[in-house]
Amino acid sequence: MERLWTPAWIVRHVAMVVLVAGCLGMGWWQVTRAAGGNAISFGYAIEWPVFAGFVIFVWWREVRQALRAADPAPPAGPAPSVTAGAEPVTATPAVRRPVRVVRAPAVPADGADDAELAAYNRYLSWLNANPGARPGDYPG
């Protein structure tokens with residue numbers, strides 16, 4: 001727990017308390033305005049406590065993440081084999097990383113260009129060479 005009492009964490013704790021108190025105070029202010037006849041303040045009276053709840057949620061998530069990050073990591077090696085009855089079971093890692101696959105662009109099997117693609121590229125080249133022309137002016 002000492003890791004949550006560093007100067008940076010003390011600032012975070014104080015900021016959380018100030019923000020929550022401020023949001024709840026603003027919510028109470030909107031409740032008093034709504035009671036005075038300002039109809040739109042009813043929406044704000046609900047919105048400010050939601051903001052306070054969001055601040056608490058983010059703070060709690062950061063605290064849990066900091067506590068988890070400080071826990072010692074398991075050794076990086078092959079997963080140990082656990083025997084359940086007569087057949088071995090391999091333990092799976094808790095976090096699975098995505099596998100990156102490098103994909104090469106598809107090339108036609110016979111090596112020939114696609115005729116439709118070549119015609120479209122000629123059309124784009126013509127449009128680029130004739131900037132004032134409309135697509136309907138294309139001669140091909």
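**Entry 1: a phenylalanine in H2**

I began with Phe 57, which has a relative accessible area of 47% and is therefore partly exposed. I then looked up Phe 54 and found a relative accessible area of 53%, so this residue counts as exposed. Both residues belong to helix H2, where they stand three residues apart, about one turn of the helix. I next examined how the two rings are set. The ring centres of Phe 54 and Phe 57 are 6.4 Å apart and the planes meet at 35°, so I recorded the pair as tilted.

**Entry 2: the model and its confidence**

I note here that the model is predicted. The protein chain has an average pLDDT of 82, and 76% of its residues score at least 70. Which element has the lowest mean pLDDT, and which the highest? I found the lowest mean, 54, in strand S1 (residues 81-84), and the highest, 96, in H1. I keep in mind that predicted coordinates should not be read in detail where pLDDT is low.

**Entry 3: the overall plan**

I counted the elements of the protein chain and obtained three helices and two strands. Their order along the sequence is α-α-β-β-α. I looked up burial for the whole chain: 11% of the 140 residues count as buried. I also checked how far apart in sequence the contacts reach. Of the contacts between residues at least 6 apart in sequence, 43% join residues at least 24 apart.

**Entry 4: helix H1**

I compared the length of H1 with expectation. Its 29 residues should span 42 Å at 1.5 Å a residue, and the end C-alpha atoms are indeed 42 Å apart, so the two values agree. I listed the buried residues of H1 as Trp 9, His 13, Met 16, Val 20, Cys 23, Gly 27, Gln 30 and Ala 34. H2 is included in what covers them. Gly 25 also has its place in H1, but its relative accessibility is 37%, so I entered Gly 25 as partly exposed. Just after H1, I found that Gly 37 takes a positive phi of about 115°.

**Entry 5: helix H2**

I turned to H2, which runs over residues 41-70 and holds 30 residues. From first C-alpha to last, H2 reaches 44 Å, close to the 44 Å expected at 1.5 Å a residue. Which residues of H2 are buried? I found Ser 41, Ala 45, Ala 52, Val 55, Val 63 and Ala 66. These buried residues pack against helix H1 (7-35). I took one distance between Gly 25 and Ala 45: the two are 20 residues apart in sequence, and their C-alpha atoms are 9.9 Å apart in space.

**Entry 6: the nonpolar core**

I looked for the largest nonpolar core and found five residues: Met 16, Val 20, Cys 23, Ala 52 and Val 55. Both H1 and H2 supply at least two residues each to this core, and H1 gives the most, with three. As general background, nonpolar side chains in soluble globular proteins tend to be buried together. I followed Cys 23 further. Apart from neighbours within four places in sequence, Cys 23 is in contact with Trp 48, Phe 51 and Ala 52.

**Entry 7: aromatic pairs**

How many aromatic pairs does the whole structure hold? My search of the whole structure gave six. I recorded Trp 48 and Phe 51 as edge-to-face, because their ring centres are 5.5 Å apart and their planes stand at 90°. The two residues are three apart in helix H2, so about one helical turn separates them. I checked the accessibility of each. Trp 48 is partly exposed because its relative accessible area is 22%, above the 20% under which a residue counts as buried. Phe 51, at 36% relative accessibility, is likewise partly exposed. I also noted one aromatic cluster, formed by Tyr 120, Tyr 123, Trp 126 and Tyr 138.

**Entry 8: the salt bridge**

I searched for salt bridges and found one in the structure. Side chains of opposite charge can pair when their charged atoms come close. Here Asp 137 is joined to Arg 134, with 3.5 Å between the closest N and O atoms. Is Arg 134 buried or exposed? I found Arg 134 at 58% relative accessibility, so it counts as exposed. Asp 137 has 39% relative accessibility and therefore counts as partly exposed.

Definitions and conventions: Residues are numbered from 1 along each chain as its sequence is written. This is a predicted model: local features need pLDDT of at least 70, side-chain atom pairs count only at pLDDT 80 or more; totals for chains, interfaces and linings use all residues. Side-chain values use heavy atoms; hydrogens and water are left out. Helices (H or I, at least four residues) and strands (E, at least two) are DSSP runs, numbered from the N terminus. The expected span of a helix is 1.5 Å times one less than its number of residues. Buried means under 20% relative accessible area, exposed over 50%, partly exposed in between (1.4 Å probe, protein chains only). Contact means heavy atoms within 4.5 Å. A salt bridge is a side-chain nitrogen of Lys or Arg within 4 Å of a carboxyl oxygen of Asp or Glu. pLDDT is the predictor's confidence in each residue, from 0 to 100. A nonpolar core is a set of buried Ala, Val, Leu, Ile, Met, Phe, Trp, Tyr and Cys residues joined through side-chain atoms within 4.5 Å. Rings of Phe, Tyr and Trp (its six-membered ring) pair if their centres lie within 6.5 Å; planes under 30 degrees apart count as stacked, over 60 as edge-to-face and the rest as tilted.
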